[in-house]
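Here is a friendly walk through one protein model, from the overall picture down to single residues. Take a look at the sequence and the structure first, and then read on.

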Amino acid sequence: RASVVAWAAAGAVVCMETRTRTQRFFLGHDDDVSCVALHPGGRLVASGQGGEQRPFLAVWDARTMEAVGPRVGLLPDTVKDPETGLPTDRTTLRPFYAYAPCAAAFEPEGGEWLAAVGRDEKLHELGVWHW
């Protein structure tokens, strides 16, 4: 079984296979990466971003460098009419985290749950995601 080490480098995540020292890059972020977590199975990685763009977590395959599902941490929100302030039948996605997730971890038994803590001045949100 291959062993992978992953770390953030600006808006990318570097994955290095320790045996061959081969590096590959996940480029699915459009702002600085704020946290990285490895799945206990060794194949999946979660990485978070924040800043001026919408904060979210991406879960992706360390072998293919492809996302394995939708961005985590974006919640559906009803769009309000700008004139009346009343809800419409349209929805948009709003971030769960106020600024950025700063720490993330998969649960160690099966990795079905992903938890991440938000970094901000007051709230320090804890999101727990079943994906």
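## Surface and overall dimensions

The protein chain exposes about 7,900 Å², and 53% of that area comes from carbon and sulfur atoms. Please keep in mind that this is a predicted model. Along the principal axes, the C-alpha atoms of the protein chain fill a box of roughly 60 × 30 × 30 Å. The chain has 131 residues, and 36% of them count as buried.

Charges are worth a glance too. The protein chain carries 13 positive and 17 negative charges. Take the mean position of each set, and the two points lie 7 Å apart.

## Strands and contacts

What kinds of secondary structure should you expect when you colour the model? The protein chain has 11 strands and zero helices. Read from the N terminus, the order of elements is β-β-β-β-β-β-β-β-β-β-β.

Contacts across the sequence can also be put into a number. Take the contacts in the protein chain with a separation of 6 or more: 32% of them are between residues 24 or more positions apart.

## Three salt bridges

How many salt bridges does the structure hold? The count is three, and each pair can be looked at in turn.

Asp61 pairs with Arg43, and their closest N and O atoms are 2.6 Å apart. Asp61 belongs to strand 6 (residues 56-61), while Arg43 sits in the loop between strand 4 (33-38) and strand 5 (44-49), so this salt bridge ties together parts that are 18 residues apart in sequence. The partners are covered to unlike degrees: Asp61 is buried, with a relative accessible area of 8%, whereas Arg43 is partly exposed at 35%. Asp61 gets the label "buried" because its value is under 20%.

Next comes the salt bridge between the side chains of Arg94 and Asp77, with an N to O distance of 3.8 Å. Here Arg94 lies in strand 8 (residues 87-95) and Asp77 in strand 7 (residues 74-80), so the pair links parts that are 17 residues apart in sequence. Arg94 is partly exposed, with a relative accessible area of 35%, and Asp77 is partly exposed as well, at 31%.

The remaining pair is Arg19 and Glu17, whose side chains meet in a salt bridge at 3.8 Å, N to O. Is each partner buried or exposed? Arg19 is exposed, with a relative accessible area of 62%, while Glu17 counts as buried at 17% relative accessibility. The cut-offs explain the two labels: Arg19 is exposed because 62% is over 50%, and Glu17 is buried because 17% is under 20%.

## A nonpolar patch on the surface

Which residues form a nonpolar patch on the surface? They are Trp113, Val117, Leu126 and Val128, and together they have about 360 Å² of accessible area. The elements that contribute two or more residues to this patch are strand 10 (113-119) and strand 11 (126-130).

Trp113 makes a handy starting point if you want to find the patch on screen. Trp113 lies in strand 10, and with 41% relative accessibility it counts as partly exposed.

## Loop residues to inspect

Two residues have a positive phi without being glycine, and you may like to check their backbones. Ala10 has a phi of about 60°. Ala10 is found in the loop between strand 1 (4-9) and strand 2, and at 54% relative accessibility Ala10 counts as exposed. For Met65, phi is near 65°. Met65 has its place in the loop between strand 6 and strand 7, but Met65 counts as buried, at 13% relative accessibility.

One more loop residue rounds off the tour. Arg21 is found between strand 2 (12-17) and strand 3 (22-26), in the loop that joins them. With 60% relative accessibility, Arg21 counts as exposed. How far is Arg21 from Val5, counted from C-alpha to C-alpha? The two C-alpha atoms are separated by 9.7 Å, for residues that are 16 apart along the chain.

Notes. Residues are numbered from 1 along each chain as its sequence is written. This is a predicted model: local features need pLDDT of at least 70, side-chain atom pairs count only at pLDDT 80 or more; totals for chains, interfaces and linings use all residues. Side-chain values use heavy atoms; hydrogens and water are left out. Helices (H or I, at least four residues) and strands (E, at least two) are DSSP runs, numbered from the N terminus. Buried means under 20% relative accessible area, exposed over 50%, partly exposed in between (1.4 Å probe, protein chains only). Contact means heavy atoms within 4.5 Å. Accessible areas come from the Shrake-Rupley method with a 1.4 Å probe; for residues, only the protein chains shown count as cover. Lys and Arg count as positive and Asp and Glu as negative; His and the chain ends are not counted. The place of a charge is taken as NZ of Lys, CZ of Arg, CG of Asp or CD of Glu. A salt bridge is a side-chain nitrogen of Lys or Arg within 4 Å of a carboxyl oxygen of Asp or Glu. Patches are made of residues with over 30% relative accessible area and no salt bridge: like charges are joined within 9 Å, nonpolar side chains (Val, Leu, Ile, Met, Phe, Trp, Tyr) within 5 Å.
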